[in-house]
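This report is an introduction for a reader who has not met this structure before. Please look through the sequence and the model before reading on.

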Amino acid sequence: MTQDGRIDFLYLNEQDMIDAGVLNMQECINVMEDVFGILSTEDYRMGGRENNSHGMVVSFPDEPEHKSMPANGPDRRFCAMPAYLGGEYRIAGCKWYGSNFDNKDKNLPRSILTMNLNDADTGAPLAFMSANLLSAWRTGAIPGVGVRYLAKPDSKVVAVLGAGAIGSSTAIALLLEAKNAEVFKIYDVDESQSQILKEDLEEKFPNVSIQIVHSIEDAVRETDILNLATSGEANPKIESEWIKPGALIIGSSSGNFDPDFVINNVRLVVDNWKMYEEVKYEDVYPYNTLEMGVLGRLFLDWIHEDRMTSDIIMNVGDIIKGNVQARENDDDIIIFALGGQPLYDIAWGYQVYQNALEKDIGTKLNLWETAFQAR
């Protein structure tokens, strides 16, 4: 919003975001599909040496020298995630957040997020928005894209490990795309979270049997579509014999798998392999990247250990575009590993911003009437 040197931008608080449609999961799934198509054409930029960095992280030492400095802890960090997305979006932006697992003791979410959108030519701000729901819904929507292109159409049993914010948004996306689902299983170490999700899904999907299960094994066995959405340092062990032939396993978080089984028996799909390769240039991520809680980085470990090579890894955008085939037969097991990219947030944020402009939602704020140096 610029005119004669004046810059205005739109502020959207959380209720504004809701009113502008941030919780419209079907629309979000479609936007995420668009993003993967743009990724396959490489019409984007992120940070880092090769323009594929997830973001820049500020972390803390276990024993800080300075009394006032925060100490390391579960999910304790700050992160800036800048990017430019081309295609029909042609928008720049940055997601910024602070994260601390101990926030739950203060009745706060683990991560507190905001999002900036900027004009791709001038750099002027277009919007500043609350981004917790934005991030949670785009994270949930991506498994929906995975179901659309990677799951067997007759999948009847769906499950989530983790019933927190990401598991809850993902559950909606999974059931929107798994058109023949009959059973949905929920496992969380906190059964009260499972109960909350169960009641919500029963209201939204009355024709699906929503079941709380009491072990990881119960969630995995006989399941056609499984989503991992655990938080903190959780790293659920998935035994190979539990996995059903033909299953789709989606890693919104991490999981502990037998590498030999996966490398020799599972087809590996990621959101953007170049983003994972960028880790090699980022000292903040040491070897044993599984500690970062991102399943796709586990593949880097296996490559580092000479267990596999990257040529067996497929990008989901190439599958969507028809350049490669997801399955060779119905018994193929697929792991779809997600790493999280600011491109998703920018795309969904831009769509919600457009909705807000159309519906006259939000607060218009002024950055300046005329830039000081131009006076």
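The sections below cover the nonpolar core, the cavity, two backbone angles and the cysteines.

**Nonpolar core**

The model is predicted. Its largest nonpolar core holds 115 residues. Which of these residues touch the most other members? They are Met32, Leu117, Phe184, Leu201, Phe299 and Phe336.

Leucine 201 can be followed further. Leaving aside residues up to four places away in sequence, leucine 201 touches Ala171, Ile172, Leu175, Phe184, Ile186 and Ile210. Phe184 therefore appears twice here: it is one of the residues that touch the most other members of the core, and it is a contact of leucine 201.**Cavity**

How many cavities of 30 Å³ or more are there? The count comes to 1. The largest cavity has a space of about 30 Å³. Its lining is made up of Val220, Thr223, Leu226, Ile243, Lys244, Ala247, Leu248 and Ile249. By type, the lining residues are 6 nonpolar, 1 polar and 1 charged.

**Two glutamates with positive phi**

Glutamate 42 has a positive phi although it is not a glycine, and glutamate 222 is also a non-glycine residue with a positive phi. The table sets out the angle, place and accessibility of each.

| Residue | Phi | Loop between | Relative accessibility |
|---|---|---|---|
| Glutamate 42 | about 65° | α2 (25-41) and β3 (44-46) | 44% |
| Glutamate 222 | about 60° | α6 (216-220) and β12 (225-228) | 55% |

Is glutamate 42 partly exposed or buried? Glutamate 42 counts as partly exposed because its relative accessibility is 44%, which falls between the cut-offs of 20% and 50%. Glutamate 222 counts as exposed because its relative accessible area is 55%, and exposed means over 50%.

The loop that holds glutamate 222 runs between α6 (216-220) and β12 (225-228). Val220, Thr223 and Leu226 are among the residues that line the largest cavity.

**Cysteines**

How many disulfides does a search of the whole structure find? The search finds 0. Cysteine 79 is in no disulfide, and the nearest cysteine sulfur, that of cysteine 94, lies 8.3 Å away. Cysteine 94 is likewise in no disulfide, with the sulfur of cysteine 79 as the nearest cysteine sulfur, at 8.3 Å. A disulfide needs the two sulfur atoms within 2.5 Å, so a pair at 8.3 Å does not count as one.

Is cysteine 79 buried or exposed? Cysteine 79 is buried, because its relative accessible area is 0%.

Definitions and conventions
Residues are numbered from 1 along each chain as its sequence is written. This is a predicted model: local features need pLDDT of at least 70, side-chain atom pairs count only at pLDDT 80 or more; totals for chains, interfaces and linings use all residues. Side-chain values use heavy atoms; hydrogens and water are left out. On a 1 Å grid over the protein atoms alone, a cavity is a set of points where a 1.4 Å probe fits but cannot get out, and a pocket is an open set with protein on both sides within 12 Å along at least five of seven lines; lining residues have an atom within 4 Å of a point. Grid points are joined across faces, edges and corners, and a volume is the space filled by probe spheres set on the points. Ala, Val, Leu, Ile, Met, Phe, Trp, Tyr, Cys and Pro count as nonpolar, Asp, Glu, Lys and Arg as charged, and the others, Gly among them, as polar. Helices (H or I, at least four residues) and strands (E, at least two) are DSSP runs, numbered from the N terminus. Buried means under 20% relative accessible area, exposed over 50%, partly exposed in between (1.4 Å probe, protein chains only). A nonpolar core is a set of buried Ala, Val, Leu, Ile, Met, Phe, Trp, Tyr and Cys residues joined through side-chain atoms within 4.5 Å. Contact means heavy atoms within 4.5 Å.
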